[in-house]
Amino acid sequence: MKTKYSKWFLLSVIVLSLLSWACLKLYEEEKNAIHIAFVGPLSGNDAIVGQAMRRAIQQYLDIVNGQRKINQKKIILDAFDDQNDPKQAIKAAHKIVAQNRAIAIIGHNYSACSISGGKFYKEQGLPAISPASTHIQVTEGNEWYFRTVFNDNLQGNFLANYAKHLLQQNTVSIIYTDTVYGSYIADVFEKQSKKLDVEIKYKWLLSLDNDLRENLVPILSELLTKPDAGLIFLATHAPEGVLLVKLIKDAGLENPLIAPDSLASKTFSQGFNKYIKEKLSPGYYTNGIHVSTPFLLDTANRYAQQLNSIYEKKYGGELPWQAFFAVDAAMVILEAIKQAEIQGKPETRQTDRKKIRDAIALFNTPSRRRKHRVKLF
């Protein structure tokens, strides 16, 4: 009997020792890990986009951590929610700084959020890369902010040329929101259209104050009396775009519609799913709208296809384009960590951030960017 208890005691000691060793190893691994922050809309109207970006980045980091190729250190992603709200973006930025763990940031989604948070990141010496903010002020005058997506100068000019030369439109009207994104890209589109001798027939400012539908009704009522409005450029974010397009289609207006990348999102395309006309005829509201996008999965390389395939199996549905650019941002940061030989210690954190910023700033050619490329699959 004594021998039996001795064996159980010895076995318990061994198990406890192994558990203690595992916990100690995990503690040391977490203590020496390198942290990256993601900040975006994890709740609210665009949560589907923000959650997909976070998951895609984590999916990529899981692969990288399994290979242990980033200075033999684990990379941990800390997620923060800004709800696509500039005020919440500032709060999230302060949380990231107060936590004092991240050596770089991926985010935000909306340009207004990136601009608001970017001022604080610059003050604190924190490098950030936006996967989706296209306004030029995100990076203009801020040497700590970068992006993996095109900017609105390029996008606005492209859309104006597309309307003129591809769609053969010589008359356009503009509906734009009083946001950083909407007002700026509308201005770029208008200026380029005029250079192309395209007439800007009408312009309507859609205020986001108070009730959005109430603000839309007078615009739609006036549009119904303007048969000469021509092509309509929708310079809005996705949530407003859903309501605007629904009202236009329900009113029977047949003006061709063109829009920027904000409507090339799941928030927009899936925003009509609850309406009966869309249920009876999928694509009823979205068919025929010309939208710019920085990414098409059908033409993407094998790495993007594999990343999307893994995501589909785990979560169902394709990744939105913003998620691929979020992973691109993670790849850039990890490459900078390798090239700058980051130590990842609390006492070197500020120096590490500066090294990462400097390394990213040098990624101005494909050869520099791919020097030590991390193998994805």
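Ile106 touches residues from several parts of the chain in this predicted model. Setting aside positions up to four places away in sequence, its contacts include Ile36, Ala37, Phe38 and Val39. Ile57, Ile129 and Pro131 also touch Ile106. So do Ala326, Ala329, Ala330 and Ile333.

**Two nonpolar cores**

Ile106 belongs to the largest nonpolar core, which has 50 residues. Together with Leu334 and Ile337, Ile106 ranks among the residues with the most contacts inside that core. Three strands supply at least two residues each: S1 (34-40), S2 (75-81) and S3 (102-106). Helices H2 (47-67), H11 (302-315), H12 (321-339) and H13 (349-361) each do likewise. H12 gives the most, with 14 residues. Another core lies apart from this one. That second core has 27 residues, among them Ile175, Leu216, Ile219 and Leu253.

**Two helix pairs**

The table sets out the packing of two helix pairs.

| Helix pair | Axis distance | Angle | Handedness |
|---|---|---|---|
| H2 and H12 | within 8 Å | roughly 40 degrees | right-handed |
| H3 and H4 | 8 Å | about 30 degrees | right-handed |

The axes of H2 and H12 cross at roughly 40 degrees. H2 is therefore oblique to H12. On the H2 side, the contact uses Val49, Ala52, Met53, Ala56, Ile57, Tyr60, Leu61 and Val64. They meet Gln322, Ala323, Ala326, Val327, Ala330, Met331 and Leu334 in H12. By class, this contact has 14 nonpolar residues, one polar residue and no charged residues. Ile57 of H2 takes part in this contact, and Ile57 also touches Ile106. Ala326 and Ala330 of H12 meet H2, and both touch Ile106 as well.

H3 covers residues 86-99 and H4 covers residues 111-124. Their axes lie 8 Å apart, at an angle of about 30 degrees. Angles under 35 degrees count as roughly parallel, so H3 and H4 are roughly parallel to each other. H3 passes H4 in a right-handed crossing. From H3, the contact takes in Pro86, Ala89, Ile90, Ala93, His94, Ile96 and Val97. From H4 come Ala112, Cys113, Ser116, Gly117, Phe120, Tyr121 and Gln124. This contact divides into 10 nonpolar, four polar and no charged residues.

**The whole chain**

The protein chain has 14 helices and 10 strands. Of its 377 residues, 51% count as buried. Among contacts between residues at least 6 apart in sequence, 72% join residues at least 24 apart.

Note on methods. Residues numbered from 1 in each chain as written. Predicted model: local features only at pLDDT ≥ 70, side-chain atom pairs only at ≥ 80, totals over all residues. Heavy atoms only, no water. Core = buried A, V, L, I, M, F, W, Y, C linked by side-chain atoms within 4.5 Å. Buried < 20%, exposed > 50% of the residue type's maximum accessible area, 1.4 Å probe, protein only. Helix = DSSP H or I, 4+ residues; strand = E, 2+ residues; numbered from the N terminus. Contact = heavy atoms within 4.5 Å. Axes fitted to C-alpha atoms, helices over the stretch in contact; angles between N-to-C directions. Parallel < 35°, antiparallel > 145°, perpendicular 65-115°, else oblique. Left-handed = near helix turned anticlockwise from the far one by under 90°. Nonpolar A, V, L, I, M, F, W, Y, C, P; charged D, E, K, R; others polar.
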